[in-house]
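Student: Please take me through one part of this structure closely. I would like to look at how a sheet is put together and what lies across it.

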Amino acid sequence: MADNKKEIQRRRTFAIISHPDAGKTTLTEKLLLYGGAINLAGSVKGKATARHAVSDWMEIEKERGISVTSSVLQFEYDGYCINILDTPGHQDFSEDTYRTLMAADSAVMVIDASKGVEAQTRKLFKVCVMRKIPIFTFINKMDREANDTFDLLDEIEKELGIATCPMNWPIGSGKAFQGVYDRNDREVSLFSDTQRGTKEGEITKVSINDPKIQEIIGKEAFGKLTDEIELLDGASTPFRLDEVQAGELSPVFFGSALTNFGVQTFLEHFLKMTTAPLPRFADVGVIDPVSEDFSAFVFKIQANMNKAHRDRIAFMRICSGKFDASQEVYHVQGEKKMRLSQPQQLMAQERKVVEEAYAGDIIGVFDPGLFSIGDTFCSPGRKFAYEGIPTFAPEHFARVRQVDTMKRKQFVKGVTQIAQEGAIQIFQELHSGLEEIIVGVVGVLQFDVLKYRLNNEYNVEIIMENLPYEYIRWIENTDIDMDSLTGTSDMKKIQDLKGRPLLLFVNSWSIGMTLDRNKGLILSEFGRS
Ligand code: G4P
């Protein structure tokens, strides 16, 4: 038990979120570099694989076996055991990206200093807020011309609705970027441009009160810095660790991942402020992570693209205790004791078999087709289920039907199985059957995946017609009369496979109009699974 406690309390499990190109991969590489997990930056994932076109997707996925987009990187730093959850972007963006956030205890939001808050960050941020997990902001690319620093903070506060507290402050940007001022130590860290951003980059620390500082950074930069510090000390939200940990205040760091400016400072502050694995809610109440008993829940299922094997890999987040590969566990939803087979963890680019893992860790296990997203595993003798994982709003919709109507059975089987894995969501017109369905996806690549898999695994050819809807809302009212609900002309009433009513809209304005026209109507962006 004492050993379990020590192992669990040194774990830090977080996701990095950003809009594509803000520098998530580069920052991850640098963090790994500090952990000694890789020798050279640039080896997290080859750009060629990261930037693949849609058409190569199937081949790549087959080669990779397990998608690199599902990586969890584990490394050690200063006594901590760190798990970084990668949230895929680009064409890989899917509901899995959201679900990954359910497995994290905190999130690092990378923002491009010249672009500010961008679409994908906004979406992922909403999920972090829903979970009330701490959010840390890394404003990246300060070595390039950046937006005004105060404007950037203002934008984060207004757009995302979270208070910010700068932990350090940049001195200039672009060619004039000289380093950062640490508000706590009252020290300026000056960086030498390390070009390739290796760990050895020289950092010189000088106190803001040192008489030489003016000379070092220049009179003008010094004047600007002291004015800004005064403004900050007077006007910015004071730092409160409890507010950070409640997800109400985001500590902000400035830096440049590419040239390795400010990454180590960020990592060190972050590790002190973030939490060890957090307690999670189950149907029997809160489960303490530092407990004798093992428990975990499945947050992602990766189908094997090989037609010959219908096996899949289920990724689970360990929430309490220790996982021991030699021991049996209890699969709550399947009501069965079993030994989890081929448990594995990802280390940079490699997969390794694990014998043991602790609360906070993520393991992938072989799924013979019995597990579903949200399933709970616990020590034999215990029986409880973790709160389900919500269904996230798809943003692309298509009407789908099979070409050969004789293949209806395979079609229904295929789409329902793929939906169970969480790659797509299926809906129906109100009062209709499954001959024709409406498929909703978070990322458009999933449409290609659906088409390919139905053809390849179920021998069904489909016709897909894109629909103009971009917004879906779950109706929270239980006593709703769908026929009398009046909305805008572009609104569509649909239902999910459990018969729960939903609404589709072409634009967000229509959502507001519909709410106005139907007093008491409650719409939600997250569905219950
Ligand atoms: P992502 O994972 O968030 O999509 O972003 P990624 O790290 O791949 O970075 C996107 C591009 O931005 C890359 O350039 C990367 O080198 C650059 N970048 C990342 N951090 C910084 C930074 O702090 N400063 C500057 N100036 N650039 C940065 P690329 O040309 O698209 O790729 P590459 O060919 O250089 O690898």
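Tutor: Start with a term. Two strands pair if DSSP finds at least two bridges between them. Keep in mind that this is a predicted model.

Now take one pair. Strand β29 covers residues 471–475, and strand β31 covers residues 501–505. They pair in the antiparallel sense, over four bridges. Look at Tyr471: opposite this residue stands Phe505 in β31.

Next, step back to the sheet. The sheet is open and has eight strands. Their order is β28-β25-β27-β26-β30-β31-β29-β32. The pairing is antiparallel. Find β31 and β29 in that order, next to each other. What are the edge strands? They are β28 (462–467) and β32 (523–524). Each of them pairs on one side only.

Then add the helices. Helix α14, residues 508–517, lies across β29, β31 and β32. So our pair meets a helix here. The helix α14 runs at about 130° to β31. Another helix, α12, is made of residues 408–420. Helix α12 lies across β25 (396–402), β26 (425–429), β27 (436–441) and β28. The angle between α12 and β25 is about 150°.

Put the picture together. Edge strand β28 has α12 lying across it, and edge strand β32 has α14 lying across it. The pair you began with, β29 and β31, is joined over four bridges, and α14 lies across both strands.

How values were computed:
Residues are numbered from 1 along each chain as its sequence is written. This is a predicted model: local features need pLDDT of at least 70, side-chain atom pairs count only at pLDDT 80 or more; totals for chains, interfaces and linings use all residues. Side-chain values use heavy atoms; hydrogens and water are left out. Helices (H or I, at least four residues) and strands (E, at least two) are DSSP runs, numbered from the N terminus. Contact means heavy atoms within 4.5 Å. Axes are lines fitted to C-alpha atoms, for helices over the stretch in contact, and angles run from 0 to 180 degrees between N-to-C directions.
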